[in-house]
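User: I would like a close look at a single part of this structure. Please keep the sentences short.

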Amino acid sequence: MDLSSLQRFLGRNAVDVAPELLGWTFYTTIGDARTAVTLTEVEAYMGADDPASHAYRGLTPRTAPMFEAGGLIYVYFVYGMHFCANIVTGIEGEAQAVLMRGGIPIAGVEVMAKRRGRTTNLANGPGNLAQALGLTTANSGWPIDGSLIGLEPGQPPERIATTRRIGISKATDRSWRFVADA
DNA sequence: ATACCGATTGCCT
DNA sequence: GGCAATCGGTATA
């Protein structure tokens with residue numbers, strides 16, 4: 001999907017965009033290898049009004065991508081060993097992003113298996129998904145323009161389960177996690 | 001300058 | 001179910 005169409009789709013609240021991204025294909029072409037997954041699990045993170053968001057305390061070098069207009073990715077490093085990737089949404093100045101927590105490998109499976117060091121559970125969990133796609137903080141802020149990173153619409157899931165977000169200690173009451181159910 | 005802790009994962013019991 | 005691994009970001013002095 002081209003960048004302008006994508007910006008139109010992503011230029012809305014992460015909470016609204018997140019469930020609509022289920023079934024979409026997210027892909028990367030890193031190290032000459034194209035890898036792609038169908039998104040099955042996502043979470044929405046907002047900005048100044050979301051204590052669980054990295055952007056809650058304002059713009060910093062790390063979170064800068066979250067404050068841009070939708071259409072790029074935000075990748076962060078956590079627990080001293082894992083990377084997690086987000087699709088930035090919303091308008092410029094209002095930090096919002098959708099954390100990709102799980103997907104079904106559909107292209108470049110061999111490469112993903114090599115990166116993961118295993119052949120199963122390649123892209124379940126945010127850290128695993130980012131690793132399978134070859135994403136690190138070096139890629140944070142990169143545009144989703146279809147060149148090295150891209151996004152394509154797909155078959156929406158029949159049913160979507162909505163739950164609380166995983167692994168956070170603040171704003172735990174918000175049900176902003178969306179999981180494809182079939 | 002120093003301390004604390006996390007949008008996690010995989011191995012161990 | 002419990003817990004160690006491991007380090008950058010953010011807070012506190």
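Is Glu41 buried or exposed, and why? Please add what surrounds Glu41, and then go through the residues around the DNA strands.

Analyst: Keep in mind that this is a predicted model. Glu41 counts as buried because its relative accessibility is 14%, and buried means under 20%. Glu41 sits in strand β2, which covers residues 33–45. Its side chain makes a polar contact of 2.9 Å with the side chain of Arg177. Arg177 also appears among the contacts of Glu41 beyond four places in sequence. Others there include Leu22, Leu99, Met100, Phe178 and Val179.

Now to DNA strand B. Around it are 20 residues. The closest are His54, Tyr76, Asn86, Gly125 and Gly127. Of the strand B atoms within 4 Å of the protein, 52% belong to sugar and phosphate. His54 places a polar side-chain atom 2.5 Å from a phosphate oxygen of DNA strand B. Arg116 has a side-chain N or O atom 3.2 Å from a phosphate oxygen of this strand. Ala52 meets a base instead: a backbone N or O atom lies 3.4 Å from a base nitrogen. Helix α4 gives the most to this surface, with three residues.

DNA strand C comes next. The residues around it are Arg57, Thr60, Arg62, Phe77, Tyr79, Gly80 and Met81. By class, three are nonpolar, two polar and two charged. Sugar or phosphate makes up 65% of the strand C atoms within 4 Å of the protein. A polar side-chain atom of Thr60 is 3.3 Å from a phosphate oxygen of DNA strand C. Tyr79 has a polar backbone atom 2.3 Å from a base oxygen of that strand.

Notes
Residues numbered from 1 in each chain as written. Chains lettered and ligands numbered in written order. Predicted model: local features only at pLDDT ≥ 70, side-chain atom pairs only at ≥ 80, totals over all residues. Heavy atoms only, no water. Near = heavy atom within 4 Å. Polar contact = N/O pair within 3.5 Å; in protein donor to acceptor, adjacent residues only side chain to side chain. Nonpolar A, V, L, I, M, F, W, Y, C, P; charged D, E, K, R; others polar. Helix = DSSP H or I, 4+ residues; strand = E, 2+ residues; numbered from the N terminus. Buried < 20%, exposed > 50% of the residue type's maximum accessible area, 1.4 Å probe, protein only. Contact = heavy atoms within 4.5 Å.
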